[in-house]
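Visitor: Hi, I'm new to this one. Could you walk me through it?
Guide: Sure, here it is.

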Amino acid sequence: MLEKVFGSQIDDLQNALTRTTQRQALLTTNLANANVPGYKRKDIDFHVALESQFGGATKAELDRQNAEAQALSDQTSIRSDGNNVDEEREMTGMAETDLHFQALTQMTSDFFSGLKNVIREGK
């Protein structure tokens, strides 16, 4: 019912916000496990997810691409104990994800401000 009123924009924004939240959680977990021997970093590609959301890859293709990226990451190790967490990379990823989240929340706010303006008939 809400999709008829708001269109698919709400779902698109919600999914993009969810994806950024998931990525931020993964990057935080990576940092928390930076000193755990054998730990392999986890991540999702926000750009691939965004393309999927706006008419690109299907969910199955997105899952496959993320699995391939994870498998490639699991094969690497920057330390002798098998851990592949690079703290600088994680911090950069967190900053990037934060910027995405801020932009998406601004877009969401603007969307609802526009609806509010329409409801008030431009007053």
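Guide: One term before we start: a residue is buried under 20% relative accessible area, exposed over 50%, and partly exposed in between, using a 1.4 Å probe and protein chains only. D98, at 34% relative accessibility, therefore counts as partly exposed.

Visitor: Okay, and where does D98 lie?
Guide: In helix α5. Its C-alpha atom is 7.8 Å from that of Q24, with the two positions 74 residues apart along the chain.

Visitor: What kind of model am I looking at?
Guide: A predicted one: local features need pLDDT of at least 70, side-chain atom pairs count only at pLDDT 80 or more, and totals for chains, interfaces and linings use all residues. Residues are numbered from 1 along each chain as its sequence is written, and side-chain values use heavy atoms, with hydrogens and water left out.

Visitor: How many helices and strands does the protein have?
Guide: Five helices and zero strands, so from the N terminus the order is α-α-α-α-α. Both kinds of element are DSSP runs numbered from the N terminus: helices are H or I with at least four residues, strands are E with at least two.

Visitor: And how much of the protein is buried?
Guide: Of its 123 residues, 27% count as buried. The accessible surface comes to about 8200 Å², and 57% of that belongs to carbon and sulfur atoms. Those areas come from the Shrake-Rupley method with a 1.4 Å probe; for residues, only the protein chains shown count as cover.

Visitor: Back to α5. At what angle do α2 and α5 pack?
Guide: About 160 degrees, with the axes 9 Å apart. The axes are lines fitted to C-alpha atoms, for helices over the stretch in contact, and angles run from 0 to 180 degrees between N-to-C directions.

Visitor: Which way do α2 and α5 run relative to each other, then?
Guide: They are roughly antiparallel. Angles over 145 degrees get that label, while under 35 is roughly parallel, 65 to 115 roughly perpendicular and the rest oblique.

Visitor: What residues make up the contact of α2 with α5?
Guide: They divide into 13 nonpolar, eleven polar and five charged. Nonpolar covers Ala, Val, Leu, Ile, Met, Phe, Trp, Tyr, Cys and Pro; charged covers Asp, Glu, Lys and Arg; the others, Gly among them, are polar.

Visitor: Is E90 buried or exposed?
Guide: Buried, with a relative accessible area of 0%. E90 sits in helix α5. Leaving out residues up to four places away in sequence, E90 touches L27, N30, L31, R41 and V85. Touching, or contact, means heavy atoms within 4.5 Å.

Visitor: What about F112, buried or partly exposed?
Guide: Partly exposed, at 41% relative accessibility. F112 is in helix α5 too, and its C-alpha lies 9.6 Å from that of I10, 102 residues apart along the chain.

Visitor: Changing topic: where is N33 found?
Guide: In the loop between α2 (9-32) and α3 (46-53). Apart from its neighbours within four places in sequence, N33 is in contact with Y39, N83 and V85. N33 and N83 are 50 residues apart in sequence and 8.8 Å apart, C-alpha to C-alpha.

Visitor: And P37, is that buried or exposed?
Guide: Exposed, with a relative accessible area of 58%. P37 lies in the loop between α2 and α3, and its C-alpha is 8.8 Å from that of S80, 43 residues apart in sequence.
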